[in-house]
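Trainee: I should be grateful for a close look at the open sheet in this structure. Please place that part within the chain as a whole.

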Amino acid sequence: MPANPLRCAVVGGGIIGVAVARELINQLEGASVTVYEKEEKLASHQTGHNSGVVHAGLYYEPGGLKATLCRRGVELLKEYCAAKKLPYDQCGKLVIAQTAEERRRLDDVFVRAQANGVPGARMLGGDEIKEVEPNAVGVAALHSPETAIVDYAAVTNALADDVRQAGGQIRLGQEVSSLEQEGQGVVVHTRDGAEHYDLAVACTGLQSDRLAASTGEPSTPRIVPFFGQYFLLGPEARNQVKGLIYPVPDARHPFLGVHLTKRIDGEMMLGPNAFISFGRESYSWKDVNVRDVLDYALFPGFWNFARKNLPSAAREFQTVISKRKFIAEATRFVPSLEGASIVPGTRGVRAQAMNADGSLVDDFVIARRQDLTLVRNAPSPGATSSLAIAEYIVNQALEGRDGAH
């Protein structure tokens, strides 16, 4: 064991934070690692409210962090689930074009998928769609047979068990108010006091901009919260779809639109829509956080974004107020769902990073200041990429330290 093992802090108990803690323990012999999580359980926010999809890397800019870490992350996640006997269902995914224009955009997605090395990705003609999804229709589709589903909260808890078994600490109900870079090391402040660490990593999702600002980092990109509502298909209809069915992305809209997603417990989800949330951690209409609303209402970037995206807002709002409109979006792809019963499912809140000009931050953003690393933006495929993001962060944080590798 090294004479002076490093003391490391990780702020945030979602899948990325816990994966970083495990990676620090794996890479640093004898390291003391502490995870701070403000809630009373892990995976309380984005990790525990997402769709559970393991993305294969179809859409992302080749060579960008998303593309690179997604492909690496899939392999690591698949191996981890196998080792821990966690469910991993490679159910496959179709991205279906309904018009000639969507078909042209789908060809562009296919080019990216090939550039990113997505295994088994292939284009299907309209008549071939039924070989994969017997009840689906469209003029063409992109099939990704290795797109999968998992339970990310279960993966997070398994990673946490690894951390604890290796001697790491996970402190629940411990909210970090600020981080302070000193001449050497980082001071972590909570209401119980302050502790000094050699290294600190903040993976705080919906609160990432606020914690970054506490360190002296710029307040932008700013987190603007958008909720996504899912519905569950009634039991009489859930077997109409075997895997995942997605629309073709449209650059005119910032969000993808309603899609069909099989869940690891066998439920079939429709959604999500995307609309501005009344709080960063508001999981129902009744939860209004005035501070969070003022944060974006007083942010010029939000109003720039809103002005540019009025048609998208109108589209999304229709699915917010009308279940009928919501299911109509799904029946474009699977007509046999017409008349199916649906019940409200989970609601998630997306930590959408936004620039001052109102543009959305697309790629992962990981900022480093001496002994402190801040994850400023880790949207989808953040959970898919979590083990690879952890590798990347720890390798960067340890660069130049003697005995790091």
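Mentor: The account below begins with the sheet and its strands and then moves outward to the loops, the cores and the whole chain.

The model is a predicted one. Six strands make up the open sheet, and their order is β8-β2-β1-β12-β20-β19, with mixed pairing. Its edges are β8 (169-172) and β19 (365-369), each of which pairs on one side only. From one strand to the next, the twist averages 15 degrees. In general, the strands of a sheet pair through backbone hydrogen bonds, in either a parallel or an antiparallel sense.

Within this order, β1 (residues 7-11) and β12 (residues 199-202) pair in the parallel sense, and four bridges join them. One point at which to inspect this pairing is C8, whose bridge partner in β12 is L199. Helix α1 (residues 15-27) lies across β1, β2 (32-37) and β12. Its direction is at about 165 degrees to that of β1.

On the other side of β12 in the strand order comes β20, and T373 offers a view from within that strand, which spans residues 372-377. T373 has a relative accessible area of 4% and is therefore buried, the cut-off being under 20%. Leaving aside residues up to four places away in sequence, T373 touches A200, V201, A202, I366, A367, R368, I393 and A397. Three of these contacts can be placed in β12, since that strand covers residues 199-202: A200, V201 and A202. I366, A367 and R368 fall within the range of the edge strand β19 (365-369). I393 and A397 fall within the range of α11 (386-398).

The loops that adjoin β20 also merit inspection. Q370 is found in the loop between β19 and β20. Its phi is positive, at about 55 degrees, although Q370 is not a glycine. With a relative accessible area of 45%, Q370 is partly exposed. Beyond β20, the loop that leads to α11 contains P381. A cis peptide bond joins S380 to P381, with omega about 10 degrees. Most residues other than glycine have a negative phi, and most peptide bonds are trans, so features of these two kinds deserve a second look.

Each of these features has a counterpart elsewhere in the chain. T220 and P221 are joined by a cis peptide bond with omega about 5 degrees, and P221 lies in the loop between α6 (208-214) and β13 (222-233). K85, which is not a glycine, has a positive phi near 55 degrees. K85 lies in the loop between α2 (65-84) and β4 (93-97), and a relative accessible area of 75% makes this residue exposed.

The nonpolar cores come next. The largest has 68 residues, of which V20, L24, L58, V95, L142, V155 and L159 touch the most other members. Two of these residues, V20 and L24, fall within the range of α1, the helix that lies across β1, β2 and β12. Another core, of 24 residues, lies apart from the largest one; among its members are L233, L270, F326 and A330. Within the largest core, L142 can be examined through its contacts, which include L58, V95, L106, V109, F110 and M123.

A contrasting position is V288, in the loop between β17 (275-276) and α7 (290-297). V288 is exposed, with a relative accessible area of 53%. Beyond residues up to four places away in sequence, V288 touches F278 and S282. V288 and F278 are ten residues apart along the chain, and their C-alpha atoms are separated by 5.0 Å.

The sheet can now be set within the whole. The chain has eleven helices and 20 strands, and 55% of its 405 residues count as buried. Among contacts with a separation of 6 or more, 75% come from residues 24 or more positions apart. For 405 residues, a compact globule would have a radius of gyration near 22 Å, and the chain agrees with that at 21 Å. Its C-alpha atoms fill a box of roughly 65 × 45 × 35 Å along the principal axes. The chain exposes about 17,000 Å², of which carbon and sulfur atoms supply 51%.

Methods:
Residues numbered from 1 in each chain as written. Predicted model: local features only at pLDDT ≥ 70, side-chain atom pairs only at ≥ 80, totals over all residues. Heavy atoms only, no water. Helix = DSSP H or I, 4+ residues; strand = E, 2+ residues; numbered from the N terminus. Buried < 20%, exposed > 50% of the residue type's maximum accessible area, 1.4 Å probe, protein only. Contact = heavy atoms within 4.5 Å. Core = buried A, V, L, I, M, F, W, Y, C linked by side-chain atoms within 4.5 Å. Pairing = 2+ DSSP bridges. Axes fitted to C-alpha atoms, helices over the stretch in contact; angles between N-to-C directions. Rg over C-alpha atoms; globule rule 2.2 N^0.38 Å. Areas by Shrake-Rupley, 256 points an atom, 1.4 Å probe, with all protein chains shown as cover.
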